[in-house]
Amino acid sequence: MSQASNDRNVARIAKLDTATLSDALDKLRIAGQCLGIKPRDQNFRLAGRAYTILYGPLDADKPGTVGDFIDKLGAGDVVVIDNGGREDATVWGDILTFLAHKKGLAGTVIDGACRDVHLCLSLGYPIYSRSYSMRTGKDRVQVDAEQVPVNIGDARVQPGDLIRGDADGVICIPKSREDEVLDVAEQIDAAEMKIRAMLEDGKTITEARALMKYHSLQTPNK
């Protein structure tokens, strides 16, 4: 069960948007952008630590489970599901959404498809996925492993990594480098706030960026 509510870095990442975090990842040459994974509602926001699930094709001789993993999760966890980007077999539906919302999970991220979108919208439960459909994954896919490294939109996600989602998509920050990434992201965020204040006072964007050495904040480290 997660202790995300008492996690200082979860609180830090929740104050930052994914665009700023993406810039910090670029500067540090970390591929943490979960490309192609979008919110089912532009108002959704999530921040927490990853509980990873790896799906695979159904093994007819030894079928596995589908959604039983939900019983192991607690408030603040982010369910991160790798279904290989498949859009022909959904791995998340209304029952899982209902229970995840009831348990206080932070949200669900899927490299693949979900279904029963209406319920996540009505409950306000954040789901980010590659797509959505009505076609069940039952008898098509199964859970192969839990709490293992997975791939989400070309980003590697390890159990316990920081996950942030907003209207622009999803970011993963490796647990081993989260303090470094968050420090850089907070510097970029502070600089952008000062630039906006300068623009409000009448400075040109060229002047404001030069004063804040803005481009150097985002230039990748050598």
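Visitor: What makes the contact of Arg49 with Asp7 a salt bridge?

Guide: In this predicted model, the closest N and O atoms of Arg49 and Asp7 are 2.4 Å apart. A salt bridge requires a side-chain nitrogen of Lys or Arg within 4 Å of a carboxyl oxygen of Asp or Glu, and the pair Arg49 and Asp7 therefore qualifies. The two residues belong to distant parts of the chain: Arg49 is in strand 2 (residues 46–57), Asp7 is in the segment before helix 1 (8–14), and their positions lie 42 residues apart in the numbering.

Visitor: Why are Arg49 and Asp7 called buried?

Guide: The term buried applies under 20% relative accessible area. Arg49 has a relative accessible area of 13%, so it is buried. Asp7 has 18%, so the term holds for Asp7 as well.

Visitor: How do you know that Arg49 forms a salt bridge with Glu178?

Guide: The closest N and O atoms of Arg49 and Glu178 are 2.8 Å apart, and the limit is 4 Å, so the pair is a salt bridge. Arg49 lies in strand 2 and Glu178 in helix 5 (residues 178–200), so this pair ties together parts that are 129 residues apart in sequence. Both Arg49 and Glu178 are buried.

Visitor: What makes Asp111 and Arg130 a salt bridge, and which elements does the pair tie together?

Guide: Between Asp111 and Arg130 the closest N and O atoms are 2.7 Å apart; with the cut-off at 4 Å, the pair therefore counts. Asp111 lies in strand 4 (residues 107–114) and Arg130 in strand 5 (residues 127–132), so parts that are 19 residues apart in sequence are tied together.

Visitor: Why is Asp111 called buried, and why is Arg130 called partly exposed?

Guide: Asp111 has a relative accessible area of 7%, under the 20% limit, so it is buried. Arg130 is at 28% relative accessibility; partly exposed covers the range between under 20% and over 50%, so Arg130 falls into that class.

Visitor: Which residues do salt bridges join into one network, and how many salt bridges are there?

Guide: Arg12, Asp179, Asp183 and Glu186 are joined into one network by salt bridges that share partners. The count comes to eleven salt bridges.

Visitor: How do you know that Lys27 has no salt bridge?

Guide: The nearest side chain of opposite charge to Lys27 is Glu180, 9.6 Å away. A salt bridge needs the atoms within 4 Å, so Lys27 has none, although it is buried.

Visitor: Where is Lys27 found, and which residues does Lys27 touch?

Guide: Lys27 is found in helix 2 (residues 18–27). Leaving aside residues up to four places away in sequence, Lys27 touches Val184, Ser216, Leu217, Gln218, Thr219, Pro220 and Asn221. One of these contacts, Leu217, has its place in helix 7; its relative accessible area is 16%, under 20%, so Leu217 is buried.

Visitor: What makes helix 2 mostly covered?

Guide: Seven of the ten residues of helix 2 are buried: Thr18, Thr20, Leu21, Ser22, Ala24, Leu25 and Lys27. These buried residues pack against helix 1, strand 9 (162–166), strand 10 (169–173), helix 5 and helix 7 (214–218).

Visitor: Why is Arg209 called partly exposed?

Guide: Arg209 is at 31% relative accessibility, which lies between the 20% and 50% limits, so Arg209 counts as partly exposed. Arg209 lies in helix 6 (residues 205–212). Not counting residues up to four places away in sequence, Arg209 touches Ile195, Tyr214 and His215. The C-alpha atoms of Arg209 and Asp179 are separated by 25 Å.

Visitor: How do you know that the radius of gyration agrees with that of a compact globule?

Guide: A compact globule of 222 residues would have a radius of gyration near 17 Å, and the protein has 19 Å, which agrees. The C-alpha trace spans about 65 × 35 × 35 Å along its principal axes. The protein contains seven helices and ten strands, and buried residues make up 50% of its 222 residues.

Note on methods. Residues numbered from 1 in each chain as written. Predicted model: local features only at pLDDT ≥ 70, side-chain atom pairs only at ≥ 80, totals over all residues. Heavy atoms only, no water. Helix = DSSP H or I, 4+ residues; strand = E, 2+ residues; numbered from the N terminus. Buried < 20%, exposed > 50% of the residue type's maximum accessible area, 1.4 Å probe, protein only. Lys, Arg positive; Asp, Glu negative; His and termini not counted. Contact = heavy atoms within 4.5 Å. Rg over C-alpha atoms; globule rule 2.2 N^0.38 Å.
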